[in-house]
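Colleague: I've got a model open and I'd like to learn how to read it. Could you walk me through it, one feature at a time?

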Amino acid sequence: MAHSARSAERLPYRPTATPPDCTTPSTRFRATVSYDGTDFAGWQTQPDGNTIQDVLEKRLSIALGSQVHIAGSGRTDAGVHARAQVFHFDLPEGGGSGRVVAAGASRESAAFSLQRCLVGLPENNSLPATIRVLAVQTALADFHSRNSCLGKRYVYTVQEGLGCPFSSRYRWALGRDKVLDIGRMAEAAALLVGEHDFSSFGVRNPGDTRPPRKRMHRLEVRRVAGPTEGGMEAEGGVVTITAECDRYLYNMMRIVSGTLVEVGLGRFGVADVAALLETQSRGSLQKKGGPRVYKVAPPQRPLPRRPCSAAPGCSR
């Protein structure tokens, strides 16, 4: 499956609406999914069908005997992982052979049947081993996994040194003898906390009308493991960059992470980050011959925070 994960193009942004053919849903459900995105072309459906959304829609459509469309709380890129991402879908009217929900079943009974169908080992749920549905629950009729989202948490993990093949899917290895100054990184990160125009730290595609002003609730840099010696383990330390924001621009987490790493490596100054935020343009410093400020970190995992409504117990 890996052959198409890197070649897929991100489709243009369209405001999220009720899934097609479900304008008068009989029952709405919300589900939480975890996945390793290395071999997939991101979340959003693509022509080749190699996305998380495509796989989940195919499985649900077979289980319910009718076409099912889902809507996710966000659109992760190729190679990005999720520990707990929420999506919602509507139970189609009617249904054919293979439907796992009995006609006239209550909402709670339907949720239980869907849970038994989707949650479990790959040999039982017909999903790849790299996609695991964690829970299926009933939802209010006006619940929307994206529009009801309160915020998301992303964690970017950086490996100082060469890294290890067993963690290469989940860490960005910087290279031999590379060590980060996390004090400077934390100082730069503090500048980005609060409500700002993040145009310098994201990509605005044509037709995207969403405002670039976002509220960054938290941006934390921590060294979570020190260097090790010998064996097959990596020789460098491990640093995490954790962001909690109400919304993100396209590539925002990767650009923020890449910029902070540039600061940690001494290639970019804390004052440069402040100027970058003020100019609201990555190209402005380039024209002045400044350092490379458009560093984009490789894809990595998101740990979304609260991808749903404010209902009690709703968390990522």
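Modeller: Sure. Keep in mind that this is a predicted model. Let's start with strand pairing: S2 and S3 are antiparallel partners, held by three bridges. To see one spot where strands face each other, find Gly72, which stands opposite Phe87 in S3.

Colleague: Which strands make up the open sheet, and in what order?

Modeller: Read across the sheet rather than along the chain. The open sheet has four strands in the order S2-S3-S1-S4, and the pairing is antiparallel. Its edge strands are S2 (70-72) and S4, each of which pairs on one side only. On average, neighbouring strands of this sheet are turned by 30 degrees against each other, ignoring direction.

Colleague: How many bridges join S1 to S4?

Modeller: Seven, and the two strands run antiparallel. Arg30 is a good place to look, since Gln137 of S4 stands opposite Arg30. Towards S3 (residues 82-91), S1 pairs over eight bridges, again in the antiparallel sense. There, Arg28 has Asp90 as its bridge partner.

Colleague: Is S1 largely enclosed or open to the outside?

Modeller: To judge that, go through the strand residue by residue; a residue counts as buried under 20% relative accessible area. In S1 (residues 27-35), eight of the nine residues are buried, so the strand is largely enclosed by the rest of the structure.

Colleague: Which helix lies across S1, S3 and S4?

Modeller: That's H2, residues 107-118. Its direction is at about 175 degrees to S4.

Colleague: Let's turn to charges. What's the general idea with salt bridges?

Modeller: Side chains with opposite charges can pair when their charged atoms come close. This model holds 11 salt bridges. One of them joins Asp36 and Arg169, with 3.3 Å between the closest N and O atoms. Asp36 sits in the loop between S1 and helix H1 (52-64), and Arg169 in the loop between S5 (152-159) and S6 (172-173), so the pair ties together parts 133 residues apart in sequence.

Colleague: Which of those two is buried, and which is partly exposed?

Modeller: Asp36 is buried, at 11% relative accessible area. Arg169 is partly exposed, at 37%.

Colleague: What is the closest N and O distance between Arg213 and Glu195?

Modeller: The closest N and O atoms of that salt bridge are 3.2 Å apart. Arg213 is in S8 (residues 213-225) and Glu195 in S7 (residues 194-197), so you're looking at a link between distant parts of the chain, 18 residues apart. Arg213 is partly exposed at 47%, and Glu195 is also partly exposed, with 36% relative accessibility.

Colleague: And what about Arg267 and Glu262?

Modeller: They form a salt bridge too, with closest N and O atoms 3.2 Å apart. Glu262 counts as buried at 4% relative accessibility, while Arg267 is partly exposed at 42%. Salt bridges can also share partners: Arg153, Arg218, Glu220 and Glu244 are joined into one network that way.

Colleague: Last one: which residues of H6 are buried?

Modeller: In H6 (residues 270-279), look at Val270, Val273, Leu276 and Leu277, which are buried. They span an arc of only 115 degrees around the axis, which puts them on the same side of H6. On the face turned away from that buried side you'll find the exposed residues Ala271 and Glu278. Just after H6 comes Gln280, with a positive phi near 60 degrees.

Definitions and conventions. Residues numbered from 1 in each chain as written. Predicted model: local features only at pLDDT ≥ 70, side-chain atom pairs only at ≥ 80, totals over all residues. Heavy atoms only, no water. Buried < 20%, exposed > 50% of the residue type's maximum accessible area, 1.4 Å probe, protein only. Pairing = 2+ DSSP bridges. Salt bridge = Lys/Arg side-chain N within 4 Å of Asp/Glu carboxyl O. Arc of directions from axis to C-beta. Axes fitted to C-alpha atoms, helices over the stretch in contact; angles between N-to-C directions. Contact = heavy atoms within 4.5 Å.
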